[in-house]
Each structure stands twice: as C-alpha cells, then as structure tokens.
Amino acid sequence: MQKYQHGGQIYDAQGAAGDWLDFSANVNPLGLSEKIRRALSENLGGVVNYPDPAATELKNLISLRYKIQPENLVLLNGAAEFFYLYLNVTRPQKILIPAPAFSEYERAARSINAEVEFFLTNAEENFHVDAEKIIAQIKSQETDCIFIGRPNNPTGNLISIEDIKKIAAHTKIVVDESFIDFLPEKSARESVSEKISVVQSLTKIFAIPGLRLGFAVVEKNLAERLNLAKDVWNVNFLAQKAGVAALDDEFFMEETRAWLEEEKKYFVGRLEKIRGVKFFAPTVNFVLLQLNSQETAAYVLKELRGKKILLRSCANFVGLDARFLRTAIRSRDENKFLLDALQEILKGVLS
C-alpha cells in the first residue's frame, strides 16, 4: 500500500469505476440532494464560461449559514487544498501531527520540506489526544504549527475547543473540521484567531467529492494572503452552483444528522455481537476496527472484496498497522450486508 493512498479506490488500471459497495470512503450515503442534482442539471451549459473568481454567491451564502465574516473566508477546491495553501504561505519549519491522522497533513508538510514530528496516541487509551502532553512536546521541540482533526480521521475522536485554545497558546494550529457538519457540536470556527485556523469540507456532508468544495475560516490578514496565493478559479462553476444549492437546503443536513444518530446505534449494536473484532466508538459516519492479527485483517479484506465490498486498510496510517480497518457507515441495507458478511467471515476464522 502506498504511503499516502486514500479510500475510495474504486477504479481499475484503465481508470474505469468498478461495481463496488464502497465502505472505504466516508461520504454521506444519502447521496446528492434533489436540490444539488437539479442545480447541476440546470447549470450544465454554464461550463462554457469561466467561473466567478470571487465565488460571490457561494461566499455570501457560506457567510450567512455559518455566521462568518466574508473577509475571514477562503473558498477551496476541497479541504485538502488548504493544507498545501496554508503551509506554502506561512512556511512553518517544524510541524507536529497527533497520529493516527489524515495523511494529507504529513504530505503537505513534506511538500515544503518542513520537519515533521508525531504525537502518537494509542488504542489502549482509545487514541485520546492529551492536550497537556501535546503542549509539553510542542515546547520541547519548538513546534511552529500543529494539525488536528476534529473529529479526527480515522479514530473519530473529538478534541474540545477548550483544549484547542490551550494548545494555540503555544503554537499555531490548523483545525480540520471536515466532518463537523455531521454533528450538532459547536465548531471551532468561532475561536479563529492569529493562532487558530479552521478548515471545513463540504464534499463529505453533501456527497460531492467528485466536484471538490470546502472553505477555511482564518484571521483577516491571513485570508488576504491565502486568497492572493491560490488559483483564482480554484472553485469551478458547477461546484459553486452545487454549493449554493446545498447550503440552501437546511432540511438535508437535519435529515443527515437524524439518519446518522439512528444508524450509529444500529451499527454499534451489531458490532458488539461480532466475535473477533474490536471497535472504537464512532462520533461521525465512520468506525475504526481492530482485528486480532494482521493476517486476519488481510483475510477479512480479501473475503469482503470477493463480495464486492471495500473497506479501508489503515496499514499506511502512522501509529496504526494492518490489523486496523476503517469502515464507513452507510444505509441500513448496505450496513446489514457488510455486518452479516463480516460476522460470517470471522465466524469461519474463529471456529
């Protein structure tokens, strides 16, 4: 497995998408809302023109929906763009990453030749991120910047805003809230300062990863620098229209949260009854699993692939190994199909 490989690897060697039930990517299984689908269809002819470089309509709606001042906004071609943009503009020399974590933090840091250190969390403590221990490591290593997922991918841990502020007293912090819309939790956006920057994906909650869309909330002067440094047309025409339609559909987000709350209970209830797998309590739409050996995990992945089911191996996450798998939470029928298959496979292994 490649070091920075992600989930969602549904394409064959010729680039054709296979007929997979994809639990390896954490995208809203409710799919495209009707408003987004209609917006894409009605605006398809507009791709003959350049998109609005200021994305005015989308920026105004994000500002309204999330209660953000427009001068603090940076619109993005997906949240991952921010990691590279931010680092290329701010140029920190020493970056700390609590691990395991989304691999693009490290990849972006390596792209500017920054020194990367990890704060390793562990399964025995449910991958808890201890703010005081992180602060001690920041002080000892003179860290310039730290990346933290909230909730974290792949563990699902949700660091408190209070702990974010404590850490920010000692270094700059990028808070990745790509999954925060799945939760009713308060966002770190309200705590943005010269030390705290927050980035958010819109592709996960609105099921548009193929369009790429996100935004960052940062201090005003930094926003000006970032907006000057990015590609002027980084958010394409259809992504802008899809974003406007999505944010004008408050019911869809409420429906998603209600679905997730119910489906998490079902998923966890089923996992508790499957021998041979440990799981870490999910906060959003994915669950980290731990098998008893790397051989068992490899066998499970192979058998599931034979049933056209994809799970995410976590072998290339710093701090994890091939015993760990990540699964998305999808629709009830899809979840039942996966969990029945997993139970059957592990029963065969353990009998």
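This report walks through a predicted model of a protein chain, from its sheet and helices to a few single residues.

**The sheet**

Let us begin with an open sheet of seven strands, in which the pairing is mixed. Reading across the sheet, the order is β2-β8-β7-β6-β5-β3-β4. Which strands stand at the edges? They are β2 (73–76) and β4 (115–120). Each has a single partner strand, so one side of each is left without a neighbour in the sheet. On average, neighbouring strands are turned by 20° against each other, with direction ignored.

It helps to recall how strands are held side by side: they pair through backbone hydrogen bonds, and this pairing can be parallel or antiparallel. For a parallel example, look at β6 (residues 172–176) and β7 (residues 196–201), which are joined by four bridges. Here you can find valine 175 opposite valine 198 in β7.

**Helices on the sheet**

Now turn to the helices that meet these strands. Helix α2 (residues 56–66) lies across β2, β7 and β8 (214–217), and its direction is at about 120° to β2. Helix α4 (residues 103–111) also packs on the sheet, where it touches β3 (94–99), β4, β5 (145–149) and β6. The direction of α4 makes about 160° with that of β4.

One residue of α2 is worth a visit: serine 63. Is serine 63 buried or exposed? Its relative accessible area is 13%, which is under the 20% limit, so serine 63 counts as buried. Setting aside neighbours within four places in sequence, serine 63 is in contact with Ile68, Gln69, Pro70 and Leu73.

**Helix α9 and the cores**

Helix α9 (residues 250–271) has 22 residues. From its first C-alpha to its last, α9 reaches 32 Å, close to the 32 Å expected at 1.5 Å a residue. Among the buried residues of α9 are Phe252, Thr256, Trp259, Leu260, Glu263, Lys264, Phe267 and Leu271. A helix has 3.6 residues a turn, so residues three or four places apart point the same way. What do the buried residues of α9 pack against? Their partners are α2, β9 (277–280), β10 (286–291), β13 (324–328) and α11 (332–350).

Leu271 of α9 appears again in the largest nonpolar core, which has 63 residues. Along with Leu58, Ile62, Phe206, Phe215, Leu289 and Leu311, Leu271 touches the most other members of that core. Take leucine 289 as an example: leaving out residues up to four places away in sequence, its contacts include Leu271, Val277, Phe279, Leu311, Phe324, Leu325 and Leu342. Another core, of 28 residues, lies apart from the largest one, and Leu85, Ala101, Phe147 and Val199 are among its residues.

**Cysteines**

How many disulfides does the model have? The count comes to zero. Cysteine 145 is buried, at 1% relative accessible area, and cysteine 314 is also buried, at 0%.

**Backbone surprises**

As background, most residues other than glycine have a negative phi, and most peptide bonds are trans. The table shows four places in this model to compare with that pattern.

| Place | Backbone feature | Location |
|---|---|---|
| Arginine 150 to proline 151 | cis, omega near -5° | proline 151 in the loop between β5 and α6 (161–168) |
| Asparagine 153 to proline 154 | cis, omega about 20° | proline 154 in the loop between β5 and α6 |
| Arginine 91 | positive phi, near 55° | loop between α3 (80–90) and β3 |
| Lysine 308 | positive phi, about 65° | loop between α10 (294–306) and β11 (309–310) |

Arginine 91 is partly exposed, with 44% relative accessibility. Lysine 308 is partly exposed too, at 37%.

**A meeting across the chain**

Finally, find asparagine 77 in the loop between β2 and α3. At 29% relative accessibility, asparagine 77 counts as partly exposed. Where does the chain come back to it? The C-alpha atoms of asparagine 77 and proline 209 are separated by 9.9 Å, although the two residues are 132 residues apart along the chain. Leaving aside neighbours within four places in sequence, asparagine 77 is in contact with Leu211, Arg212, Leu213, Asn234 and Val235.

Terms used
Residues numbered from 1 in each chain as written. Predicted model: local features only at pLDDT ≥ 70, side-chain atom pairs only at ≥ 80, totals over all residues. Heavy atoms only, no water. Disulfide = S-S within 2.5 Å. Buried < 20%, exposed > 50% of the residue type's maximum accessible area, 1.4 Å probe, protein only. Pairing = 2+ DSSP bridges. Helix = DSSP H or I, 4+ residues; strand = E, 2+ residues; numbered from the N terminus. Axes fitted to C-alpha atoms, helices over the stretch in contact; angles between N-to-C directions. Contact = heavy atoms within 4.5 Å. Expected span 1.5 Å × (residues − 1). Core = buried A, V, L, I, M, F, W, Y, C linked by side-chain atoms within 4.5 Å.
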